[in-house]
Amino acid sequence: MQSSLEDTKFILKKYKITANKKLGQNFLIDDEVIHNIVEASNINRNDLVIEIGPGLGTLTSKLLENAGKVIAIELDKKMITILEDRFKLYDNFILLNQDILKVDLKKLIKDNISNLQKVKIVANLPYYITTPIIMKLLEDRLNIESITVMVQKEVADRITARPGDKLSGAITYSVDYYAKAEKIVFVDKKSFIPSPEVDSEVIRLTIREKPKVELLDEETFFKIIKASFMQRRKTLINGIMNSGIIKDKQKIKEIIEGIGLDANIRGEKLTLEEFANLSNSVYKTISKS
Ligand code: SAM
């Protein structure tokens with residue numbers, strides 16, 4: 001068996017391909033990292049695996065060895081030609097030439113689950129759309145078990161930060177609401193061809209059976225969190241003002257104090273539970289008026 005590095009060089013030469021930077025093409029060439037991703041995703045023959053951005057198929061070939069069925073979604077037509085050639089003998093492989101952000105994943109899963117039991121998402125993500133992809137996978141409320149993905153290290157730090165930590169951001173809370181996030185392994189930039197400018201990390205999101213906190217209205221919750229981190233140096237009052245949900249400063253002050261917080265607190269200091277209390281209280285107030 002050839003190494004991923006040899007395979008990658010061979011395929012790039014055979015098909016006269018150069019990586020398309022705009023599509024975030026950095027191909028994995030480190031067999032140990034690939035092994036770690038497959039291990040962490042914990043896939044078996046009863047699983048339907050969805051891979052985002054299979055590229056030249058390096059990770060795909062390992063997924064096919066372990067999963068019941070693999071659906072790979074790739075935007076680049078040039079990659080599609082290679083993948084069709086490479087995996088033509090597999091009857092558990094489905095390849096879609098589509099933009100992941102436009103795919104109806106709920107329908108895709110429903111149409112393909114048949115007698116398989118669990119759905120797991122695995123990918124070395126295109127970094128230019130990491131956040132929209134992760135948020136789509138979570139917000140679409142898919143019946144999935146886990147998301148094991150390579151992301152840029154800074155994003156991994158943010159997603160896995162503890163709410164209230166210096167590294168936390170709006171995405172920390174959004175992900176924590178839907179899933180338990182953990183880091184799996186650090187990946188050096190040298191593990192890819194071409195090398196990206198940043199280091200990477202594999203993370204795993206295990207989807208919660210139900211969201212971590214109870215909300216009266218998700219839209220209010222996410223709007224307040226987003227607004228609070230747009231200008232994280234400003235106070236929570238300003239964050240809520242900026243969200244446009246309530247414009248009356250005094251009213252906001254009363255709501256914040258009403259849930260036992262200091263009126264001058266910054267949004268970044270709140271826990272997920274505190275944001276939930278706050279947004280529930282805001283929602284009650286706006287529903288009354
Ligand atoms: N899985 C391969 C690997 O690990 O070597 C390639 C990973 S590369 C970081 C990201 C892949 O995502 C590329 O193949 C790229 O063409 C593909 N891609 C970029 N934008 C996409 C989109 N909107 N939908 C689906 N695939 C996309």
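## Ligand shell

By class, 11 nonpolar, 7 polar and 4 charged residues make up the shell around the ligand. The model is predicted. The ligand has 22 residues around it, and L28, G53, E74, N124 and Y128 come nearest.

## Polar contacts

Three of these nearest residues are taken in turn here, each with an N or O atom facing the ligand within the 3.5 Å cut-off for a polar contact. E74 uses its side chain: an N or O atom there is 2.6 Å from an oxygen atom of the ligand. L28 uses its backbone instead, with an N or O atom 2.9 Å from a ligand oxygen atom. Y128 pairs with a nitrogen atom of the ligand, which lies 2.8 Å from a polar side-chain atom of this residue.

How much of the ligand does the protein bury? Taken alone, the ligand exposes 600 Å². The protein buries 99% of that area.

## Cavity

Where does the ligand sit? The space it takes is the largest cavity. The shell around the ligand includes the 11 nonpolar residues noted above, along with 4 charged ones.

## Domains

The domain assignment splits the protein in two. Domain 1 covers 4–207. Domain 2 covers 218–288. Taken over C-alpha atoms, the centres of domain 1 and domain 2 are 35 Å apart.

The two domains are in contact. Domain 1 gives 14 residues to this contact, and domain 2 gives 14 residues.

Definitions and conventions
Residues are numbered from 1 along each chain as its sequence is written. This is a predicted model: local features need pLDDT of at least 70, side-chain atom pairs count only at pLDDT 80 or more; totals for chains, interfaces and linings use all residues. Side-chain values use heavy atoms; hydrogens and water are left out. A residue is near a molecule or strand if one of its heavy atoms lies within 4 Å of it. A polar contact is a pair of N or O atoms within 3.5 Å; within protein, one must be able to donate a hydrogen and the other to accept it, and residues adjacent in sequence count only if both atoms are side-chain atoms. Accessible areas come from the Shrake-Rupley method with a 1.4 Å probe; for residues, only the protein chains shown count as cover. On a 1 Å grid over the protein atoms alone, a cavity is a set of points where a 1.4 Å probe fits but cannot get out, and a pocket is an open set with protein on both sides within 12 Å along at least five of seven lines; lining residues have an atom within 4 Å of a point. A molecule sits in a cavity or pocket if more than half of its atoms lie within 2 Å of its grid points. Ala, Val, Leu, Ile, Met, Phe, Trp, Tyr, Cys and Pro count as nonpolar, Asp, Glu, Lys and Arg as charged, and the others, Gly among them, as polar. Domain bounds come from an automatic or database domain assignment. Contact means heavy atoms within 4.5 Å.
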